[in-house]
Structures are given as structure tokens and as C-alpha cells.
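User: I have a model open and would like to understand the labels people attach to it. Could you take me through the reasoning, one label at a time?

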Amino acid sequence: MLTDIAVLGAGMHPWGKWGRSFVAYGVAAARAALADAGLDWREVPSVVGADTVRGGYPGYVAGASFARALGWQGARVTSVYAACASGAQAIGTARAQILAGLADVVLVVGADAAPKGFFAPAGGERPDDPDWLRFRVLGATNPAYFGLYARRRMALYGDTPEDFARVKVKNAAAGALNPLARYRKAVSADDVAASPVVADPLRLLDICATSDGGAALVLSSMAFARRHGHPDPVRIRAVSTVTPEYPRTVLDLPDIATDAMVGHGVADRPFRPFRASIARAAYEEAGIGPEDLSLAEVYDLSTALELEWYEDLGLCPAGHGAALVRNGVTALGGRVPVNPSGGLASFGEAVPAQAIAQVCELTWQLRGAAGDRQVPGARAGITANQGLFGHGSAVVAVR
Amino acid sequence: MTRARRPVVPGWFTDDTDPDGAFRLLGTRCTACAAVFFPREDDGCRNPYCPGGGELAETPLSRRGRVWSYTDGRYRPPAPYVSDPDTPWEPYTLVAVELAAEGMVVLGQAAPGVRPSELAVGAEVELVPGVLHEDAEHVWTTWHWRPVATDAREAAC
Ligand SMILES: [Zn+2]
């Protein structure tokens with residue numbers, strides 16, 4: 001297919017709290033991806049970095065930081081910021097360069113050393129920033145939004161806190177099999193129930209931690225892959241980076257209100273929630289549907305949010321997400337495992353790295369190289385996440 | 001000496017010394033397409049289907065709505081939320097409220113003392129003036145959502 005590009009190499013730095021700089025994690029991941037691809041850094045004509053953010057301020061130009069640490073060699077350099085979608089935008093940028101013939105092989109890197117506790121905006125009086133406003137006016141943290149979604153699912157669909165806990169139990173079981181994960185211990189439903197409430201009805205073990213980590217990919221044209229001894233590589237077939245469609249009628253981070261459903265032309269529009277539109281754009285570009293998936297990696301910022309992704313990815317109708325996790329459909333060994341890596345539940349958030357890490361997991365799964373957490377015969381996978389301020393992110397990879 | 005009352009953000013709601021029933025959130029409405037924005041949008045209409053040529057006029061929002069969802073904050077939020085680190089953290093409740101006329105959901109803190117156990121998705125709530133925090137010079141005012149008492153609701157029917 002015309003839009004396919006090859007994944008020649010994937011690499012990660014283990015997630016955790018390591019106390020080092022984001023550059024160190026990114027360089028370790030980059031070297032691992034280059035070694036996996038069998039390429040020397042000096043042979044790579046382009047590097048794309050997913051920017052890291054500290055305290056809400058994009059103070060680090062990631063592409064150049066990684067290029068400097070690997071050794072300046074005159075590569076084309078790009079840095080992208082799209083909050084949690086930064087990694088997907090970095091992959092999308094690399095793909096565009098490859099398909100346009102600007103570079104035949106590109107290194108993509110994302111890494112972060114995240115602060116402890118709640119993510120918070122930068123200081124100062126900044127009332128033009130919706131992220132600053134929601135903290136200043138309401139004290140509304142990210143878990144508060146996750147709590148709102150969870151409580152609404154309980155009211156609309158009859159989901160229970162036990163259903164949410166099942167997601168954590170499932171992802172922790174998968175993460176225990178992943179040597180790159182930060183948390184590698186099984187978690188029981190009782191453990192979740194015994195953890196303190198953070199934002200009603202969600203508990204500490206329903207919500208992902210912040211973490212340090214790094215992930216990198218070496219991407220190339222199909223012709224370059226063949227020339228360099230990769231006759232049948234994992235292929236990226238779609239990268240979705242769409243915005244929401246107006247009116248956005250589901251309250252979402254970091255907004256204090258939704259768009260109004262009144263207004264000229266608005267009532268005539270089909271209503272499509274943002275997360276569902278991210279997935280739809282990826283499926284349309286890839287020419288596949290949810291029935292073709294062997295696995296999915298989704299952003300499980302909270303356990304309840306993972307259930308929404310099942311529905312938005314089309315794995316089941318709206319309101320049926322809890323039934324999938326109850327029936328083991330999305331567990332390792334189920335029909336379509338979700339977060340076989342262990343997900344954010346096992347990794348924690350290292351924002352610019354995570355969307356790249358999701359594609360690393362697809363790569364290893366589609367190669368049949370995922371070890372104890374391998375999804376047998378995996379042929380197609382999707383990643384999905386959503387970047388603050390309206391950045392969509394999904395990648396489809398096939399073998 | 002009385003401290004000056006100041007809205008936490010200027011222009012988002014009416015004078016908080018008005019009687020409860022007159023207190024309103026203030027948004028803007030596009031005169032060309034009727035889209036409503038809150039927080040107020042003054043730079044230009046954001047409806048991509050707007051025929052254009054309109055103005056953004058200040059508009060008060062509905063003062064009653066129904067609970068879309070709710071949660072609370074059991075841990076102290078970081079700055080710029082203002083709280084005294086030397087006092088024990090008192091959780092507060094957050095309510096997202098669906099306003100029927102605007103077709104819009106607006107988040108806010110619940111009135112002091114309202115716990116999640118007193119709320120339900122679909123329950124009716126009303127807007128009331130509230131105080132976010134106080135410092136040496138100012139009383140910083142905000143809006144709160146308060147459950148509509150059952151008998152008040154019956155009286156309104
Ligand atoms: Zn308009």
C-alpha cells in the first residue's frame with residue numbers, strides 16, 4: 001500500500017522513577033531502537049523528538065536535545081508538542097517526511113522525567129490558559145475529570161467500581177510479564193478496593209501514576225527496509241492526529257464547559273465523540289475495521305477510561321465496555337487483548353514517550369517477539385490516546 | 001475594615017451581591033448563528049458552520065440544570081488552586097451540570113457541605129454565588145451549584 005512505512009527498530013528505557021534526565025532515557029531508547037534496526041546513528045538523516053513539558057511549560061526542544069546527546073551529525077531535526085499525543089505526532093511527522101521523499105529513514109524519540117503527584121500548570125497569572133483556569137477556579141485535577149466519566153458510566157450503563165477494578169487487575173497481570181514496565185506485581189480486586197479514594201468513585205489504583213521513561217522507533221520507506229535486510233517488516237498503515245469536531249458535547253480536559261449544542265448548522269451534524277472520531281480516522285486511513293484487530297494499546301489514564309476506549313474503538317457498542325472486561329475478551333488470551341503491555345496502569349505516564357511506547361509494543365507483538373505476553377498470531381493492532389487541548393492520536397500497524 | 005469582593009475571573013458571572021435568584025453565569029452568544037460560549041468567547045465565533053458577520057453579545061446562562069456527573073477531590077490540588085497547606089485538606093465536590101436551553105455542560109464546585117452522596121446524575125441543581133477563598137485584602141468570589149430542595153422543586157412545578 002502506498003502509505004505504508006516500515007518499523008525497522010523499536011527500543012525503550014524501562015519505566016520507573018530513576019532520577020535521571022529525560023535526555024538520558026531518550027538516548028537509551030534511541031540506541032536500543034537503532035541497534036534493533038541494525039543501523040548506525042550516522043546513517044540516519046532525520047530525527048524527530050516529542051517534546052517534554054515540565055510544569056506545563058514546553059521548555060525543552062527535544063529533537064535537538066536527543067541529536068546533541070547522540071552526537072551532532074547534521075540530521076534534519078524536528079520537535080513536536082501535542083501533550084499526550086506528542087509521540088503520535090512525532091511518528092506522523094516522520095511518516096510524512098518518508099512518504100514525501102525527504103528522508104528514507106527517521107529516528108523518532110520521546111522521553112520524560114515526570115514530576116510526582118498531580119500534573120499542574122506553570123506558575124504566574126495566566127487566565128488565557130484553560131489548563132491554568134481549571135486549577136485556579138475549580139481545583140479540578142486530571143483525576144477529577146476521570147472521576148466524572150466513571151460516575152457517569154455508573155449512572156448510564158450500570159458499571160460498578162468492581163468493573164473498574166477488573167481493568168487494573170487485567171493490566172497488572174499483563175504488566176507483570178513485561179520487563180520494561182514499572183509495576184510488575186499482580187494486583188487483586190481487594191487491593192484496588194483497599195486503596196484510598198482520589199476522586200469519587202475512583203481509587204488510587206484506578207488511576208495511573210506519573211513516571212520516567214523513554215521510547216524510540218526507527219521508521220523507513222519500504223524500499224529502504226528491503227535494501228537493508230528487512231523483507232517483511234512491521235508496517236505502519238495509519239496515523240490519526242485529528243481534532244475534535246464542533247460541537248464537542250462531552251466535558252473534557254481541561255475545559256470548564258462543553259460547546260453548546262445550539263447554533264446554526266449544529267443540530268444537523270452527526271454526533272461523534274472525540275475519542276471515537278480519533279479511531280474512525282485511523283480505521284479509514286488503514287482500510288481496516290475493529291473486527292480485524294488482534295490487539296489494541298489504549299491510554300488507560302483511569303480504569304474506567306479504558307472501558308470507554310473499547311466502545312470508541314468499536315470493540316463493542318456504547319455501554320458494553322464493562323461486559324468485555326468481565327468476560328475476559330480484552331485480557332491476554334481473550335479475543336482482542338487490550339494493553340497487553342500492561343498499559344499505563346503498569347508503566348505510569350511519561351507523556352511524550354507513551355504514544356511511541358504503544359507502537360513499540362505493537363511492533364514486538366506483530367513480530368511475535370513479545371515473550372510471555374505474546375498475543376498468538378497477531379496481525380493487526382491499533383494504539384489510541386488523546387492529547388490535551390484537542391490532539392487526537394491513533395496508529396495502526398500491520399504485519 | 002471590610003475586604004473587597006472580587007470575582008476569581010472578571011466577567012464570568014454577575015454581581016454576587018444580587019439576590020440568589022438573579023445571580024447568573026455570563027457567556028457570549030453569536031448573533032449570526034446563536035452559538036453560546038462559556039467561558040465567554042470574545043475573539044470570534046467558534047462554530048465552523050456559522051454564516052458569519054455576527055457579533056458576540058454577552059448572555060446570561062440558565063440558572064438551573066441537571067447533574068451530568070459529579071466527583072470530589074480527596075487530595076489537595078496543586079497551585080494555582082489556593083489552599084492553606086498548614087490546615088487539613090477538606091475535600092470539596094465538583095458537579096458538571098447540563099443546561100437544557102444552551103445544550104451545554106458547565107463544571108463548578110458544589111456549595112459548601114454538599115457531598116457526592118447527596119447527588120445523582122439527572123438531579124436538578126441551581127446556581128448560587130459562592131466564595132472560593134479569602135486573603136488579607138479580598139474575598140474571591142465564584143459560582144457554586146446547589147441541589148434544588150425537593151419541596152422547592154415541587155413548588156417550581
Ligand atoms: Zn456564529
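Analyst: Happy to! Let me start with Thr59(B), which has a relative accessibility of 11% and counts as buried. Please keep in mind that this is a predicted model.

User: What makes 11% enough for Thr59(B) to count as buried?

Analyst: The cut-off for buried is under 20% relative accessible area. Thr59(B) has 11%, so Thr59(B) is buried. This residue sits in strand 4 of chain B. Beyond its neighbours within four places in sequence, Thr59(B) is in contact with Leu25(B), Leu26(B), Gly27(B), Thr28(B), Arg29(B) and Val36(B).

User: And why is Pro48(B) called exposed?

Analyst: Exposed requires a relative accessible area over 50%. Pro48(B) has 55%, so Pro48(B) is exposed. You will find Pro48(B) in the loop between strand 3 (36–37) and strand 4 (56–60) of chain B. Pro48(B) also lies 34 Å from Ala120(B), C-alpha to C-alpha, with their positions 72 residues apart in sequence.

User: Why is Phe389(A) called partly exposed?

Analyst: Partly exposed covers what is neither under 20% nor over 50%. Phe389(A) has a relative accessible area of 40%, so Phe389(A) is partly exposed. Phe389(A) is in the loop between strand 10 (380–387) and strand 11 (391–398) of chain A. The backbone deserves a look too: phi of Phe389(A) is near 75°, a positive value in a residue other than glycine.

User: Asn339(A) has a positive phi as well. How do you know whether Asn339(A) is buried or exposed?

Analyst: The same kind of check works here. The relative accessibility of Asn339(A) is 1%, and buried means under 20%, so Asn339(A) is buried. Its phi is about 60°, although Asn339(A) is not a glycine. Asn339(A) lies in the loop between helix 11 (321–326) and helix 12 (343–347) of chain A.

User: What makes helix 4 of chain A largely enclosed?

Analyst: Eight of the nine residues of helix 4 (residues 130–138) of chain A are buried, so the rest of the structure largely encloses this helix. Those buried residues are Asp131(A), Trp132(A), Leu133(A), Arg134(A), Phe135(A), Arg136(A), Val137(A) and Leu138(A). Their cover includes helix 5 of chain A, along with strand 6 (92–99), strand 7 (104–110), strand 8 (124–134) and strand 9 (138–147) of chain B.

User: Which residues touch the most other members of the largest nonpolar core?

Analyst: Phe38(B), Trp143(B) and Trp145(B) do, in a core of 94 residues. Helix 5 (residues 142–157) of chain A gives this core its largest share, seven residues. There is also a second, separate core of 38 residues, with Ala215(A), Val239(A), Phe347(A) and Ile356(A) among them.

User: Ile356(A) also turns up where helix 3 and helix 13 of chain A meet. Why are those two helices called oblique?

Analyst: The axes of helix 3 (residues 86–99) of chain A and helix 13 (residues 351–367) of chain A cross at roughly 60° and come within 6 Å. Angles under 35 degrees would be roughly parallel and 65 to 115 roughly perpendicular; the value here is in neither range, nor is it over 145, so the helices are oblique to each other. Helix 3 of chain A brings Ser86(A), Gly87(A), Ala88(A) and Ile91(A) to the contact, and helix 13 of chain A brings Pro352(A), Ala355(A), Ile356(A) and Val359(A). By class, this contact has six nonpolar, two polar and no charged residues.

User: What makes helix 9 oblique to helix 10 in chain A?

Analyst: Helix 9 (residues 274–286) and helix 10 (residues 303–312) of chain A pack at about 50°, with their axes 9 Å apart. That angle lies between the limits of 35 and 65 degrees, so helix 9 of chain A is oblique to helix 10 of chain A. Their crossing is right-handed. Arg275(A), Ala276(A), Ile278(A) and Ala279(A) of helix 9 of chain A meet Leu305(A), Glu308(A), Trp309(A) and Asp312(A) of helix 10 of chain A. In this contact, five residues are nonpolar, none polar and three charged.

User: Finally, which peptide bond leading to Pro254(A) is cis?

Analyst: The bond from Leu253(A) to Pro254(A) is cis, with omega near -5°. Pro254(A) is in the loop between strand 8 (234–240) and helix 9 of chain A.

Note on methods
Residues numbered from 1 in each chain as written. Chains lettered and ligands numbered in written order. Predicted model: local features only at pLDDT ≥ 70, side-chain atom pairs only at ≥ 80, totals over all residues. Heavy atoms only, no water. Helix = DSSP H or I, 4+ residues; strand = E, 2+ residues; numbered from the N terminus. Buried < 20%, exposed > 50% of the residue type's maximum accessible area, 1.4 Å probe, protein only. Core = buried A, V, L, I, M, F, W, Y, C linked by side-chain atoms within 4.5 Å. Contact = heavy atoms within 4.5 Å. Axes fitted to C-alpha atoms, helices over the stretch in contact; angles between N-to-C directions. Left-handed = near helix turned anticlockwise from the far one by under 90°. Nonpolar A, V, L, I, M, F, W, Y, C, P; charged D, E, K, R; others polar.
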